[in-house]
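Visitor: I'd like to learn how to read helix packing from a model. Could you walk me through one?

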Amino acid sequence: MISLFLIGGLIAGGIIPVQTSINSRLGVEVGSPFMASFLSFFTGTLTLVILSLVIDHKLTFAPDSFHNNPWWIWIGGALGVFYLTSNILLLPQLGAALTVVITLIGQMIMAIAIDQFGWFNVPIHELNIPRLIGIVCMLGGVFLIKNY
Amino acid sequence: MKRKKFTVTALFLIWGLAAGMVSPVQTSINTQLRYAVQSPFLASLISFMTGTCILVLVTLIIDRKMTMDLKLIPRAPKWIWIGGMLGVIFVTSNILLLPVLGSALTVVSVLCGQMIVAIAVDHFGWFGVAQHKMNWPRAAGLVLMIAGILLIQQY
């Protein structure tokens, strides 16, 4: 069961370099990386309107979700834009390899912290030596791929 | 002078670290939103819609305009418009994966898929990317990543 989800993760990840290539070409065509990001998010929004209507048969949610939940559940989209825009602006300053590796180290630190403390109601999964070795292996792998 | 350049690079590195840290937080937040609105698709939609609104502001502030040449629609390749749809698959998959895999395993499995396809794109020179053939260090890097995933998954 878990291996199916891992394959799902591989496929989801595999989409990223394709999307990056496509969006950077879009950026060249429209003459701005920010306009390209906007068009990408806008077409994504339209796709999700159709997807929600087809699968959920509705586009509504209970209005009391606004006060029954913490305020931060609404800021995911803003964080996505921060991540995307930062990558666009950092790339010319740090170069491709360093940009990937530094954002990745940030991702790993935060992902370990979320699992360790069970933040955002994610099930607690404490860090141990084998997991730490796994993370070092992964960072080493990325470093090799990005440098050769 | 040299010292100043060092400080600037260090600031950009801290910024990169912060941007990376935001990424798993976004997935966790979107997953909470999914439970609040009771649909992963609606949660993705809300995330994309707020992102779109913020990008209108970002584009207006940085570019000072929001126009494009409409003549490029018939002229440019058709596939330049599907990036957003791929983003939808990515964001929605992350929402579905996090509760099962946990944060670290989600990040790592997504990353491994990313590297496999990035190596393929480089190797074949797809999407007009400069060709960069597969070599032994890259293959070793891939094996290390897969070993890493298995370790994190088993323990």
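**Reading the helices**

Guide: Happily. α2(A) and α2(B) are roughly antiparallel to each other (an angle over 145 degrees; under 35 is roughly parallel, 65 to 115 roughly perpendicular and the rest oblique). This is a predicted model, where local features need pLDDT of at least 70 and side-chain atom pairs count only at pLDDT 80 or more, while totals for chains, interfaces and linings use all residues. Residues are numbered from 1 along each chain as its sequence is written, with chains lettered from A and ligands numbered from 1 in the order in which they are written.

Visitor: At what angle do α2(A) and α2(B) pack?

Guide: Axes are lines fitted to C-alpha atoms, for helices over the stretch in contact, and angles run from 0 to 180 degrees between N-to-C directions. Here helix α2 of chain A (residues 33-56) meets helix α2 of chain B (residues 40-63) at about 160°, the axes being 8 Å apart. The helices are DSSP runs of H or I, at least four residues, numbered from the N terminus.

Visitor: And which residue types make up that contact of α2(A) with α2(B)?

Guide: There are 18 nonpolar, eight polar and two charged residues. Nonpolar covers Ala, Val, Leu, Ile, Met, Phe, Trp, Tyr, Cys and Pro; charged covers Asp, Glu, Lys and Arg; the others, Gly among them, are polar.

Visitor: Which other helices cross between the chains, α6(A) with what?

Guide: Helix α6 of chain A (residues 129-147) and helix α5 of chain B (residues 136-154) have axes that come within 7 Å and cross at roughly 160°. That makes α6(A) roughly antiparallel to α5(B).

Visitor: How do I check a helix's length, say the span of α2(B)?

Guide: The expected span is 1.5 Å times one less than the number of residues. For the 24 residues of α2(B) that gives 34 Å, and the end C-alpha atoms are 33 Å apart, which agrees. Just after α2(B), Arg64(B) has a positive phi of about 60°. Over in chain A, the 22 residues of α5 (96-117) reach 32 Å, close to the 32 Å expected. Gly118(A) follows α5(A), with a positive phi near 65°.

Visitor: Is Leu89(A) buried or exposed?

Guide: Count C-beta atoms, placed from the backbone, within 10 Å: 20 or more others means buried, 12 or fewer exposed, and in between partly exposed. Leu89(A) has 18 such neighbours, so Leu89(A) is partly exposed. Leu89(A) sits in helix α4 of chain A, with its C-alpha 9.6 Å from that of Pro33(A), 56 residues away in sequence.

Key
Helix = DSSP H or I, 4+ residues; strand = E, 2+ residues; numbered from the N terminus.
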